[in-house]
Amino acid sequence: MTPDKINRLGIVAVALFTLLAPWILPVFVDEFWVDIYSEMLIWSLLAASVNLLFGYVGLLSFGQALFFGMGMYGVAIGIAKIGLGFWPAFGFGILLSTTMALITGFLAVRLTWHYFAIITVVFSLIFYFTALSWKPLTGGDDGLSFTMPPIFSFGEETAISLTDPTVQYYFIVLMVGACYALMGVVLKSPLGRAFRTVKENDMRAALIGLNVYMIRLTAFVIAGFVAGVAGALFAFFGRYASATYMFYHVSGEAVVWAIIGGAGTLLGPVVGTTLLITLREELSDVWEHYLIVVGVIVIVVVIFAPKGLGGLWMGMVNRIFDKSANGNQPKEGGE
Amino acid sequence: MSPTQILEIEDIEKHFGGLAALDGVNAHVESGKLTAIIGPNGAGKTTLFNVITGILPPAAGRVKFLGQDITNKPVHEISKLGLARTLQIKSVFNGMTVRENLWIAAQSRDGVFKPFQRASASSRANQVADQLCEELGLTQFANQEAANLSYGDIALLEIGIALATEPKLLLLDEPICGMGPAETEQTVEKIRNLAKRIDIVIIEHDIEVVFEVSDEVIVMAQGKVLARGTPAEISTNAEVRTAYLGDDDDA
């Protein structure tokens, strides 16, 4: 066994749990937790989008909710206003968010650090207020709801639709899983390694002939795509789009999930999101100031486990195997 | 252009506020010779390297590499033409393994915008990385993070990263700065060996080392080229002695 195998085992365990959750969860907790779990999976993609930028290319974005919002409104407007079917609306949402990432990224990735963070907030605020005020299209404060079109229909009678909870759950799992698989492939590619060099040392990266700007922009567009898929799924999940989910508060939450889960680890965001949403669900009813607890957790994690829970886990696994193999095991560095 | 001139620097000017860091620098580097740039602190040596490699845009003047005008070209494009450099403050990818450091530098020649290919399947980059690990004596650290290396090994790794890009010209900015005597000797030996197959320009403060390894010396002072010649010529140049080496007999 190598650390790599242990990590793969961990991924298999998460995947198995996710696939069997509709049977496992009701045994222990109320059935609505299946729904909450699928919502967590969607939100984890938003955290993953933050993580792709912060954990792998070193860009801290506080504006990923913008692309989430584009995916969400793309689906809702596509169905309610344009009359698109399920798949075209899904595609429209993702296209909208990816295009938005390309346009805003074109300007944003010229900057780094706090300048980059600020410009991402500014972009997301601009479109948040646009969505609020453009009532005929977005529904403004009320949001925009729609009736779910079927995924596939055969004739008049039979149709597969997300109105079936099982179909909805597995559709979300499939799409979220596909996004993680895509990110996994990209991060293990030459491009993924180039991402890390830009995070580690952008001057050295340029000096060995890497186009740092294009690498950052590519990462930004992929992150926008992932956030867009999350937003589109969330619109399907709630049959609804609302500007509330585009506010920078939502972006900030995603940053917290990513950092607690472990920036720079593929599945860290799932861990962070699951943990913090569970906490929210359990505590917010009991104690309205539950965010203090979240704050304390963030401080403790940032001080004692700067690489988040994911990093803590990798460190533990590596240490155990370093001992047994005299430090000859390759470190995966969170690929 | 004469075919032996790999690098030509024409009337380069660079100002920082009111200070003229480079005040009309004219110089060239001949292929097949190890050229050293010396000069007191603030002479503009590193600024000149920054202008050549595209990190700083010059206020005036031109830089030609292999006969091609590279003034104002982006840093990564200049690297792709075959110009590599190390930095005065050692600069590697700290959080990546030694092997990954060399691998990405080699892969930069084949392109990195390959999102659906496995990095570990890039056989050429793998080969270059392994070969350089061996050549630099870093094989035992190949899978360790660069941050864990000793100072001397980081300096070696930085040279290795530059070599992995298969440069035609290598600029070394104070490669032995901060090294002990044993490390210095090893590094000087490596530089001398490298000079047999790659053109090298070196900025160095250690005059002994400069006179030992270089074929050609360029002396800079106050943003200008003060003198140029073989080590023997430079050591007897009266102007250089007053401006830089001091009037004593220790040079």
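Which residue of β4(B) is the bridge partner of B:L7? In β4(B), that partner is B:F65. The report below places this pair in its sheet and then turns to the rest of the model.

This is a predicted model, in which local features need pLDDT of at least 70 and side-chain atom pairs count only at pLDDT 80 or more, while totals for chains, interfaces and linings use all residues. Residues are numbered from 1 along each chain as its sequence is written, and chains are lettered from A and ligands numbered from 1 in the order in which they are written.

**The antiparallel sheet of chain B**

Helices (H or I, at least four residues) and strands (E, at least two) are DSSP runs numbered from the N terminus; two strands pair if DSSP finds at least two bridges between them. In chain B, 4 strands form an open sheet with antiparallel pairing, in the order β2-β1-β4-β5. Its edge strands, each pairing on one side only, are β2 (19-30) and β5 (68-69) of chain B. The table lists strand pairs of chain B, including one from the second sheet described below.

| Strand pair | Bridges | Direction | Opposed residues |
|---|---|---|---|
| β1(B) and β4(B) | 5 bridges | antiparallel | B:L7 and B:F65 |
| β1(B) and β2(B) | 9 bridges | antiparallel | B:E8 and B:H28 |
| β6(B) and β7(B) | 3 bridges | parallel | B:L83 and B:L169 |

In a regular strand the side chains alternate between the two faces of the sheet. The hairpin of β1(B) and β2(B) has 2 residues between the strands, and B:G17 takes a positive phi near 65° there.

**The mixed sheet and helix α1(B)**

A further open sheet of chain B has 6 strands in the order β6-β7-β8-β3-β9-β10, with mixed pairing. Here the edge strands are β6 (83-85) and β10 (224-229) of chain B. From one strand to the next, the twist averages 20°. Helix α1(B) packs on this sheet, touching β3, β6, β7, β8 and β9 of chain B, and its direction makes about 145° with that of β7(B). Axes are lines fitted to C-alpha atoms, for helices over the stretch in contact, and angles run from 0 to 180 degrees between N-to-C directions. Helix α1 (residues 45-52) of chain B also lies across β1, β2 and β4 of chain B, running at about 70° to β2(B).

**Domains of chain B**

By an automatic or database domain assignment, chain B is divided into domain 1 (1-82 + 168-251) and domain 2 (91-166). Their C-alpha centres lie 26 Å apart. The contact between them takes 7 residues from domain 1 of chain B and 6 residues from domain 2 of chain B, where two residues are in contact if their C-beta atoms, placed from the backbone, lie within 7 Å.

**Chain A and its contact with chain B**

The contact between the chains takes 24 residues from chain A and 31 residues from chain B. On the chain A side, α7 (165-187), α8 (190-200) and α9 (202-207) each supply at least two residues, and the largest share, 8 residues, comes from α8(A). By class, this side has 11 nonpolar, 7 polar and 6 charged residues; Ala, Val, Leu, Ile, Met, Phe, Trp, Tyr, Cys and Pro count as nonpolar, Asp, Glu, Lys and Arg as charged, and the others, Gly among them, as polar.

The 23 residues of α7(A) should span 33 Å at 1.5 Å a residue, and its end C-alpha atoms are 33 Å apart, which agrees; the expected span is 1.5 Å times one less than the number of residues. Among the buried residues of α7(A) are A:F171, A:V176 and A:M183 (buried: 20 or more other C-beta atoms, placed from the backbone, within 10 Å of the residue's own). The buried residues of α7(A) pack against α1, α2, α8 and α10 of chain A.

How values were computed
Buried ≥ 20, exposed ≤ 12 C-beta atoms within 10 Å, placed from the backbone.
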